[in-house]
Each structure stands twice: as structure tokens, then as C-alpha cells.
Amino acid sequence: MRKRIVAGNWKMYKTVPEATELAAAIAAAAPKDGAGEIVVCPPFTNLTAVAEAIKGSVVRLGAQNMHWEEKGAFTGEIAADMLKSAGCQYVILGHSERRQYFGETDAMVNKKIKRALTAGLNPIVCVGETLDQRKAGITESVVGDQVRGCFADIGAEQAKTLVIAYEPVWAIGTGVTATSEQAQEVHHFIRALLAELYSESVAQTVRIQYGGSMKPDNAAQLLAQPDIDGGLIGGASLDAKSFLQIVTA
Ligand code: PEP
């Protein structure tokens with residue numbers, strides 16, 4: 001039985017005081033039944049304050065990106081060990097906004113995954129097709145190539161620890177959500193691909209989140225699908241009430 005995981009991607013929102021307030025509100029009201037994992041991923045500048053605000057609660061800390069090198073002269077970048085020492089357990093890698101605006105490729109994401117695993121961080125690896133790719137009927141080949149590229153040379157035991165976020169690019173921040181059937185279809189495809197690349201045991205262990213305009217009113221239906229193990233939430237995670245409604249769903 002895979003443990004559900006709901007993560008909030010706060011993107012480039014919230015100052016330190018705002019982030020502290022939001023994190024404290026989520027921590028205070030988060031369900032303590034242990035049925036699923038709850039992760040918040042604030043901007044780098046807020047990690048330490050948020051770590052403090054969620055201390056002693058069930059909420060876990062994640063980051064939104066990192067560099068693949070261990071350390072060095074990479075001005076403006078953040079290393080895996082720095083995230084780990086700030087209290088992070090998770091890191092989002094290969095988000096479509098990183099791919100679209102910062103030129104991230106599957107090869108770069110693959111290097112980041114390897115570094116994150118070495119540092120003891122759990123990657124949340126994002127994949128997903130654009131609207132043009134979906135219209136052209138190449139969703140599975142696009143997502144398949146992303147999974148193959150990101151998972152290259154990752155062993156089975158390590159692969160089991162990864163979380164995949166299937167995020168159709170056309171659904172991110174648009175208010176347009178994939179139907180639960182559309183999402184389930186791609187999640188099932190990804191799981192079958194993991195079985196082909198690794199084994200049935202790896203495929204059944206890896207958690208696959210859906211992301212793309214998940215909101216309190218559509219979360220339950222999406223999360224009822226057999227291959228959807230949680231959500232990566234953008235906009236709706238910036239409000240404690242709506243994020244927690246999704247967690248409850
Ligand atoms: C995201 O940024 O990963 C995301 C899913 O955003 P939103 O929920 O706003 O579509």
C-alpha cells in the first residue's frame with residue numbers, strides 16, 4: 001500500500017513573515033493520523049523559518065530546486081547538502097517552469113536526482129506534456145522519454161524512493177484540470193513503464209502525484225483513481241484552508 005503524499009509548491013511567493021504564518025497555520029491544523037505525508041516547498045529564503053514553524057508537527061519540508069554539483073563556484077545556486085542541513089527531506093526537480101524558463105533538460109534533472117539521493121533527499125520528479133503535444137497525440141512518448149531520461153542509471157532500490165509528479169503543462173496555473181480519466185491514463189502508463197524499466201515491485205512502490213490546478217473541489221475525484229497517489233499543488237497551497245482541504249480529500 002503506497003502512502004499518499006500531498007506537497008505544496010509555493011513557487012516564488014511569500015516573504016519570510018508570510019511563509020512563517022502559512023506554515024504555522026498548516027502545521028497547526030494538519031491531520032495527525034499518519035495516513036499520508038504532507039510536504040511544503042517554500043522558496044529557499046524561507047526554508048529555515050518554515051522549518052522552525054513546522055517543528056514538532058507532521059508537516060515535512062521540501063525545496064523547489066537544487067544544483068547537481070556538490071559545491072563550488074556556481075553563483076546563485078543551492079546545493080543538496082545545504083537543503084538537507086536546512087531541514088529539507090524532499091526536493092522538487094524538473095518542474096515544467098524550470099524546464100520552460102531555465103532550460104532544464106532530462107539530463108540535468110537526472111544529474112540532480114543522483115546528487116539529491118547521495119545527499120539523502122527524496123526527489124519529486126516532474127514530468128508532463130504541453131497542450132500541443134497532447135493535441136498531437138504524443139503525450140505517452142513525451143512523458144515516456146522524460147521518465148527514461150530522468151531515471152537513467154538510477155538503480156531499482158533508489159528508484160523506489162522517488163516520487164513522480166505527473167503535471168500536464170497545460171493544466172499548471174491555468175485553472176484547467178486534467179479529467180480524472182486523463183490523469184489516470186497517464187499515471188497508469190508511467191507505472192507500466194516503471195515495470196518495464198525495472199520490475200513490478202518498483203512500479204507498485206513508486207508514488208505518482210498529479211499536479212495541475214488541483215483544488216479542493218476536484219481533488220477527491222482525482223485522488224480516487226487507482227494510480228494517483230497524491231498531489232503537487234501550486235496555487236491552492238498558498239492558502240492554508242484550501243491546501244488542508246486537499247490533504248483531507
Ligand atoms: C505546480 O506548480 O506544480 C502546480 C501544480 O501549480 P497549480 O496547482 O497552480 O496548477
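Buried means under 20% relative accessible area, exposed means over 50%, and partly exposed lies in between (1.4 Å probe, protein chains only). The model is predicted, so local features need pLDDT of at least 70, side-chain atom pairs count only at pLDDT 80 or more, and totals for chains, interfaces and linings use all residues. Residues are numbered from 1 along each chain as its sequence is written, and side-chain values use heavy atoms, with hydrogens and water left out.

**Exercise 1. Place Gly211 in the fold, classify its accessibility and list its contacts.**

Step 1. Helices (H or I, at least four residues) and strands (E, at least two) are DSSP runs, numbered from the N terminus. Gly211 belongs to strand S7, residues 207-211.

Step 2. Gly211 has 0% relative accessibility and therefore counts as buried.

Step 3. Contact means heavy atoms within 4.5 Å. Not counting residues up to four places away in sequence, Gly211 touches Tyr166, Glu167, Pro168 and Leu232.

Step 4. For a distance check, take Glu104, which is 107 residues from Gly211 along the chain: the two C-alpha atoms are separated by 19 Å.

**Exercise 2. Do the same for Lys112 and His95.**

Step 1. Helix H5 (residues 106-119) holds Lys112. With 3% relative accessibility, Lys112 counts as buried.

Step 2. Residues up to four places away in sequence not being counted, Lys112 touches Asn65, Met66, His67, Trp68, Leu93 and Glu104. The C-alpha atoms of Lys112 and Glu21 are separated by 30 Å, with their positions 91 residues apart along the chain.

Step 3. His95 sits in the loop between strand S4 (90-93) and helix H4 (96-102). Its relative accessibility is 5%, so His95 counts as buried.

Step 4. With neighbours within four places in sequence left aside, His95 is in contact with Asn9, Lys11, Cys126, Glu167 and Ile172.

**Exercise 3. Which phi values do Lys11 and Lys14 have, and is each buried or partly exposed?**

Step 1. Lys11 is in the loop between S1 and H1, and Lys14 is found in the loop between S1 and H1 too.

Step 2. Phi is near 50 degrees for Lys11, a positive value in a residue other than glycine. For Lys14 phi is near 85 degrees, again positive in a residue other than glycine.

Step 3. Lys11, at 19% relative accessibility, counts as buried. Lys14, at 28%, counts as partly exposed.

**Exercise 4. Describe the packing of H7 on H9.**

Step 1. Axes are lines fitted to C-alpha atoms, for helices over the stretch in contact, and angles run from 0 to 180 degrees between N-to-C directions. The axes of H7 (residues 139-150) and H9 (residues 180-197) come within 10 Å and cross at roughly 45 degrees.

Step 2. That angle makes H7 oblique to H9. The classes are: under 35 degrees roughly parallel, over 145 roughly antiparallel, 65 to 115 roughly perpendicular, and the rest oblique.

Step 3. The crossing of H7 and H9 is right-handed. A crossing is right-handed if the near helix is turned clockwise from the far one by less than a right angle, and left-handed if anticlockwise.

Step 4. From H7, Thr139, Glu140, Val143, Gly144, Val147 and Arg148 meet Val186, Phe189, Ile190, Leu193, Leu194, Glu196 and Leu197 of H9. These residues divide into eight nonpolar, two polar and three charged. Here Ala, Val, Leu, Ile, Met, Phe, Trp, Tyr, Cys and Pro count as nonpolar, Asp, Glu, Lys and Arg as charged, and the others, Gly among them, as polar.

**Exercise 5. Analyse H12 and its contact with H11.**

Step 1. H11 (residues 216-223) and H12 (residues 240-248) pack at about 20 degrees, with their axes 8 Å apart. The two helices are therefore roughly parallel to each other, and their crossing is right-handed.

Step 2. Pro216, Ala219 and Leu223 of H11 and Ser242, Gln245 and Ile246 of H12 make the contact. By class there are four nonpolar, two polar and no charged residues.

Step 3. The buried residues in H12 are Ala240, Ser242, Phe243, Leu244, Ile246 and Val247. They pack against strand S1 (4-9), helix H1 (16-29), strand S2 (36-41), H11 and strand S8 (230-233).

**Exercise 6. Which residues touch the most other members of the largest nonpolar core?**

Step 1. A nonpolar core is a set of buried Ala, Val, Leu, Ile, Met, Phe, Trp, Tyr and Cys residues joined through side-chain atoms within 4.5 Å.

Step 2. The largest core has 65 residues, of which Ile26, Ile113, Ile190 and Tyr210 touch the most other members. H9 gives the most to this core, with six residues.
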